[in-house]
Amino acid sequence: TIRKTHVADKEAGRITQHIGAYSVDIPGKGHVCFLDTPGHAAFTAMRARGANVTDVVVLVVAADDGIMPQTVEAIDHARAAGVGLVVAINKVDLPSANTMRVKKELQKLDLTPEEWGGKTICVEVSAKTQKGIPELLEILLLESEILELKANPNRSAEGTVLESKLTKSHGHVATVLVQNGTLRVGDVMVYGPFYGKVRAMHNDRGKSVKEVGPSYAVEILGLSGAPNAGEVFSVAEDEKKARKIAEKRALELREKTLQGAMKKHITLGGLYSQLKD
């Protein structure tokens, strides 16, 4: 609903977004960048690599279903990442909706709603009627103010890779979230054991952009390899320096892999398990 109302309607032909991240502008107040996590595993993978891309988690709970096992799993992931959590109680338009039950279940999980003296912000929303959606967006902006989320746009860009793929027409393509600085077309990026010159950038509406600041996600063309989700990227001074850093990292990665393989073969436990297999 947020995507349709605040993103697609403004675009000619209602272009479908292909990347799992999109920005919503709130006139006169700022903008929120949403990351649609494709399942909890991706969230864990990013966290495991030490990349904390999410500032605030919006936990969506259906008012008619209440807390499900996957909801508990999502809460655990958010807690482990140490990020703020806002609960969006969805489907409040349904006759079977029971928001009181949801809040009681949240309280049992140590997420006491604010109106009950706790710290958890609960917003009652309906994706169908759009009730509570503007309030949810405003709460996210307020939360970012409380958390003092700041970044410097006047420096070299750095951020995190959200996803990557290999395409026939453009080669290696990656979606990245800029977390600090400003990323421009022509910049030389280093990410893991790879580097590449930013040939082109597309925003979440598929439009070509020349530069993006903090808290914006873009699709990048011109990469030499496919980075993993959660890989941290930074902008180097020039191509020579970028190549040097990437080569050093590739060498370190190879050495680690070889050491791991040698350790595997040498251990007695490993030998026994191999024989059993």
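1. The protein exposes about 16000 Å², of which carbon and sulfur atoms supply 53%; accessible areas come from the Shrake-Rupley method with a 1.4 Å probe, and for residues only the protein chains shown count as cover. Buried residues, meaning those under 20% relative accessible area (exposed is over 50%, partly exposed in between; 1.4 Å probe, protein chains only), make up 42% of the 277 residues.

2. This is a predicted model, in which local features need pLDDT of at least 70 and side-chain atom pairs count only at pLDDT 80 or more, while totals for chains, interfaces and linings use all residues. Residues are numbered from 1 along each chain as its sequence is written, and side-chain values use heavy atoms, with hydrogens and water left out.

3. The protein has seven helices and 14 strands; these are DSSP runs numbered from the N terminus, helices being H or I of at least four residues and strands E of at least two. Of the contacts (heavy atoms within 4.5 Å) between residues at least 6 apart in sequence, 66% join residues at least 24 apart.

4. An open sheet of three strands follows the order β3-β4-β5 with parallel pairing, where two strands pair if DSSP finds at least two bridges between them. Its edge strands, each pairing on one side only, are β3 (56-62) and β5. The twist from one strand to the next averages 25°.

5. Four bridges join β4 (residues 84-90) to β5 (residues 121-124) in the parallel sense. Val87 stands opposite Cys122 in β5, and Ile89 has Glu124 as its bridge partner in that strand. With helix α4 (residues 99-108), β4 and β5 make a right-handed β-α-β unit: with the strands pointing away from the viewer, the path from the first strand over the helix to the second runs clockwise.

6. Helix α3 (residues 69-81) lies across β3 and β4, at about 170° to β3. Helix α5 (residues 133-146) lies across β3, β4 and β5, at about 160° to β5. Axes are lines fitted to C-alpha atoms, for helices over the stretch in contact, and angles run from 0 to 180 degrees between N-to-C directions.

7. A search of the whole structure finds two aromatic pairs; rings of Phe, Tyr and Trp (its six-membered ring) pair if their centres lie within 6.5 Å, with planes under 30 degrees apart counted as stacked, over 60 as edge-to-face and the rest as tilted. Tyr22 and Phe34 are stacked, at 5.5 Å centre to centre and 20° between the planes. Tyr22 lies in β1 (residues 21-26) and Phe34 in β2 (residues 30-35), so the pair ties together parts twelve residues apart in sequence. Both Tyr22 and Phe34 are buried.
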